[in-house]
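Me: I should like to go through this model in a series of questions. Please reason briefly and close each reply with the value or name requested.

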Amino acid sequence: MRAGPSDPVAHAAWRGARREVAREHHPDVGGDPATYVRLMGEVDARFGRGQPTGLLLADSGLRSVRARRLLRRAGRRAKRSARGLRGRLPRQLPGSRRYLDL
């Protein structure tokens, strides 16, 4: 699900306003975290978001770690199944895995 307004023009304005707040008040550039979250909530409320979707600093890290883990796990499963399939293909087909010829 996409965060922010669904209208493309309003979404672009919403993203611009959030970026402006981040440039001025993000903790990485010396801003106060409480002020940053409050101002992000105000931007979200101005654009019709009920709950503030500001980057809550501790929560955003957990989400990205979980997403990375899920993607890595899915990639490993896909690779494992592809390797298993390649080992079962007939020799004549491209992509088959055969290391010995007896």
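Me: Which residue just after H2 takes a positive phi?
Reply: The model under discussion is a predicted one. The loop between H2 and H3 contains Gly48, and this glycine is exposed, its relative accessible area being 63%. Its phi is positive, at about 90°, and the residue just after H2 that takes this value is Gly48.

Me: What is the C-alpha separation of Gly48 and Gly4?
Reply: Gly48 belongs to the loop between H2 and H3. Along the chain, Gly48 and Gly4 are 44 residues apart, and their C-alpha atoms are separated by 8.3 Å.

Me: In what order do the elements of the chain run from the N terminus on?
Reply: The chain has zero strands and three helices. From the N terminus on, the order of the elements is therefore written with helices alone. It reads α-α-α.

Me: What percentage of the 102 residues in the chain is buried?
Reply: A residue counts as buried when its relative accessible area is under 20%. For the chain of 102 residues, the buried share is 17%.

Me: How far apart are the end C-alpha atoms of helix H2?
Reply: Helix H2 covers residues 33–46, which makes 14 residues. At 1.5 Å a residue, a span of 20 Å is expected. The model agrees with this, since the end C-alpha atoms are separated by 20 Å.

Me: Which residues of H2 are buried?
Reply: Burial requires a relative accessible area under 20%. Arg38, at 47%, is partly exposed, and Glu42, at 43%, is partly exposed as well. The buried residues in H2 are Tyr36, Leu39, Met40, Gly41, Val43 and Asp44.

Me: Which residue forms a salt bridge with Arg18?
Reply: Side chains of opposite charge can pair when their charged atoms come close. For Arg18, the closest N and O atoms of the pair are 3.0 Å apart, and the partner is Asp44. The pair links distant parts of the chain, 26 residues apart, with Arg18 in helix H1 and Asp44 in helix H2. Both residues are buried, Arg18 and its partner Asp44.

Me: About how many helical turns separate Arg38 and Glu42?
Reply: The count of salt bridges comes to two. In one of them the side chains of Arg38 and Glu42 meet, at 3.0 Å from N to O. Because these residues are four apart in helix H2, the separation is about one helical turn.

Me: What is the distance between the C-alpha atoms of Glu20 and Met40?
Reply: Glu20 is located in helix H1, residues 8–25, and is partly exposed at 49% relative accessibility. Met40 is among the buried residues in H2. The two are 20 residues apart along the chain, and their C-alpha atoms are separated by 9.9 Å.

Me: Which residues form the positive surface patch?
Reply: Arg69, one of the residues in the patch, has its place in helix H3, residues 57–88. Members of such a patch have over 30% relative accessible area and no salt bridge. The positive patch is formed by Arg66, Arg68, Arg69, Arg72, Arg73, Arg76, Arg77 and Arg80.

Me: How far apart in space are Gly84 and Arg97, C-alpha to C-alpha?
Reply: Helix H3 contains Gly84. With 25% relative accessibility, Gly84 counts as partly exposed. Gly84 and Arg97 are 13 residues apart in sequence, and their C-alpha to C-alpha distance is 9.4 Å.

Definitions and conventions:
Residues numbered from 1 in each chain as written. Predicted model: local features only at pLDDT ≥ 70, side-chain atom pairs only at ≥ 80, totals over all residues. Heavy atoms only, no water. Helix = DSSP H or I, 4+ residues; strand = E, 2+ residues; numbered from the N terminus. Expected span 1.5 Å × (residues − 1). Buried < 20%, exposed > 50% of the residue type's maximum accessible area, 1.4 Å probe, protein only. Patch = residues over 30% accessible without salt bridge, like charges linked within 9 Å, V, L, I, M, F, W, Y side chains within 5 Å. Areas by Shrake-Rupley, 256 points an atom, 1.4 Å probe, with all protein chains shown as cover. Salt bridge = Lys/Arg side-chain N within 4 Å of Asp/Glu carboxyl O. Lys, Arg positive; Asp, Glu negative; His and termini not counted. Charge placed at Lys NZ, Arg CZ, Asp CG, Glu CD.
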